[in-house]
Amino acid sequence: MNTTQPRALWASRLGFVLAAAGSAVGLGNVWKFPYIAGENGGGAFVLVYLLCIAVVGLPIMMAELMIGRHTRRDAVGAFIQIEGKRSFWQSAGWVSVGAAFIICSYYSVVAGWTLDYVYRAVSGAFIGQPAEAIESMFSGLIADGPRQLLWHFCFMCLCLGIVIGGVQKGIERWSKILMPVLLFLLFLLFMNGMLSKGAWEGITFMFRPDFAKLTPGSVLEALGHAFFTLSLGMAAMITYGSYLSRKEDLLAASLRVVVLDTVIALMAGLAIFSVVFSVGMEPAAGPGLVFKTVPVVFSQIPGGHLLAIFFFLLLAFAALTSNISLLEAQVAYLIDERGWGRKRASAFLAGLAFVVGIPTALSYNSLSEWKVIGDRVFFDSADLIASNYLLPISGLLIAIYVGWFWRGSEEKEELIAGGAGWVYPVWHLLIRYVSPLAVAVVLYFKAKETGLFDWLGALF
C-alpha cells in the first residue's frame, strides 16, 4: 500500500546534509573509531579507512540515495515499486529495515549510557576521584539494570519527540540545532586537545603510517567500520534519499555527508588521543577508552570538569542524530506500505524498540546467564546479527542490484538530474565490481570469525 499523501521533502540542502550527516555521525565516530584506530596502530589504519570510505562507502551511499529519490518510497517499497511485489530484491529492503529496528533497540541502551555520564559529569562525579573509582563507574552502570532502563526510556522518548514531528518540522528542524551544537562541542574539545602537551603525539599517532602494525584483520576492521559509520545497509539513506529534491547533485550531496562524517571521526580521534597522551595513558584502551579512560583523563587536567560535560554531551547528541534516522526508516515503512499515520507509527515503533531493548539493558546483570547465540548474551547476540550479518548482507544486495540488475538508464538519469552525469562511468565501475567484492569479503571473514560456518555445519 502506498499513501496518497504528497511526499515530504527536505526544506533545504543544508537540512538534508545535516540530517544525513547526523545519521552517519554517531557513537561509531566518537566512541568506536578512536579505540579501533588505537588498537590497530593509528596512521596506517586511518589511511586504509579513508581509502575504504572513498571506494566502498561513497558509491554505496550514492546508490542508496538514488534508489530512495527515484522511488519516493521507504526501503521495502522502493524495491517493490521498481521490480514488483514478487521480486527477490525487496529482501534487500526487508533486511535493511530489520537491521534498523534491531540496532535502534540496543543503540538506545548504549546511548542511555551517554546520558548517564552527562549526569555524572554535571554532578561532578569524576572530580577528586582516583582512577580506579572512575573506571569502576562503568562496571557499576552496566550491572544496574533499572538505571539503564531509565536512561533507555529517556533516550527513546527524545527520539520519539523528534521523529513524530515529521521530516521538516521534526528531523530537519532538530538536525539544524543538534548538529551545529555537536560540531561546536567537538571543536572545543579538538582545540583543547591541540593546545595540550600531547597534541603532537596525538597527531603523529593518527597520521604517521606504520604499516608494520597493519594486519589483514586491521584492513577488514577499517572496511567494516567505513561501511557501518555511514549508516549504510540500515534503510536510513534510502529513506532520507526519498525526501531529497531531484535537483540535488547526488555526488555532491553524498560527498558532503561523507566528508563531514570523516572529519568528525578524525577530529574526535585527535581530541581524545591528544588528551590521553598528555597524561601518559595508553591509546589502545579498547572499548573502554571513552567510558573508562577518558573520564580519568578529564579528572586529571585543568578544566576537566567542564570538558567532561562537553564530551559526554557530544556523545549523546551524536547518538541522538543517528537513532532518529533508524527510527525514521522504520516509520517510513509503516506510513508508505501500511498507510499508518506518523504519530501512530512513531509511537508504536519507539515503544516496540524500547521493549525489545529491555533484554539489552539487562544483559550484564539480571539476564547475564541467558546465552542467545553461543556464549553471547542478548546484547552481544543482537549486535552480532545486525552489525556483522544484516548490514553487510543488505549492502551487498544493494550493490549487486544497482550494479548489475537495475536499468542503467534510470541510474544515469538520476545522476544527470542533479548535474553529476559525468561521474557515472567511474561510479558504475565501483558499484558493480569493487563495492560488492569488498563487502562480500568483510561478510565472509566476519562469518568465519564469529563462528557462523561452524554453526551452519552443525545445524545441517
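Colleague: How do you know that the span of helix 10 (residues 216–229) agrees with its number of residues?

Modeller: The expected span of a helix is 1.5 Å times one less than its number of residues. For the 14 residues of helix 10 this comes to 20 Å, and the end C-alpha atoms are 20 Å apart, so the two agree. A helix here is a DSSP run of H or I with at least four residues, numbered from the N terminus. This is a predicted model, in which local features need pLDDT of at least 70 and side-chain atom pairs count only at pLDDT 80 or more, while totals for chains, interfaces and linings use all residues. Residues are numbered from 1 along each chain as its sequence is written, and side-chain values use heavy atoms, without hydrogens or water.

Colleague: What covers the buried residues of helix 10?

Modeller: The cover includes helix 1 (13–24), helix 2 (27–39), helix 3 (43–71), helix 12 (250–278), helix 16 (378–405) and helix 18 (424–449). Among the buried residues of helix 10 are S218, H225 and F227.

Colleague: Why is S231 called buried?

Modeller: Buried means under 20% relative accessible area with a 1.4 Å probe and protein chains only, exposed means over 50%, and partly exposed is in between. The relative accessible area of S231 is 4%, so S231 is buried. S231 sits in the loop between helix 10 and helix 11 (236–241), and its phi is positive, near 60°.

Colleague: What does the side chain of S231 reach?

Modeller: The backbone oxygen of S23, at 2.7 Å. A polar contact is a pair of N or O atoms within 3.5 Å; within protein, one must be able to donate a hydrogen and the other to accept it, and residues adjacent in sequence count only if both atoms are side-chain atoms. S231 also touches A24, E64, A236 and M237, among residues over four places away in sequence. Touching, or contact, means heavy atoms within 4.5 Å.

Colleague: Why is R72 called buried?

Modeller: Its relative accessible area is 17%, so R72 falls in the buried class. R72 lies in the loop between helix 3 and helix 4 (75–83), and its side chain reaches the backbone oxygen of S242 at 3.0 Å. Beyond four places in sequence, the contacts of R72 include R7, L9, Y243 and D336.

Colleague: How many cavities of 30 Å³ or more does the search find, and what makes a space a cavity?

Modeller: There are two. On a 1 Å grid over the protein atoms alone, a cavity is a set of points where a 1.4 Å probe fits but cannot get out, and lining residues have an atom within 4 Å of a point. The largest holds about 120 Å³ of space. Of its 14 lining residues, S23, Y107, F228, S231 and S322 are the closest to its centre. Volume means the space filled by probe spheres set on the points, with grid points joined across faces, edges and corners.

Colleague: Which classes of residue line each cavity?

Modeller: The largest has seven nonpolar, seven polar and no charged residues. The second largest, about 80 Å³, has eleven nonpolar, one polar and no charged. Ala, Val, Leu, Ile, Met, Phe, Trp, Tyr, Cys and Pro count as nonpolar, Asp, Glu, Lys and Arg as charged, and the others, Gly among them, as polar. Helix 2 gives the most to the largest cavity's lining, three residues; for the second largest cavity, the largest share, four residues, comes from helix 12.

Definitions and conventions
Helices (H or I, at least four residues) and strands (E, at least two) are DSSP runs, numbered from the N terminus. On a 1 Å grid over the protein atoms alone, a cavity is a set of points where a 1.4 Å probe fits but cannot get out, and a pocket is an open set with protein on both sides within 12 Å along at least five of seven lines; lining residues have an atom within 4 Å of a point.
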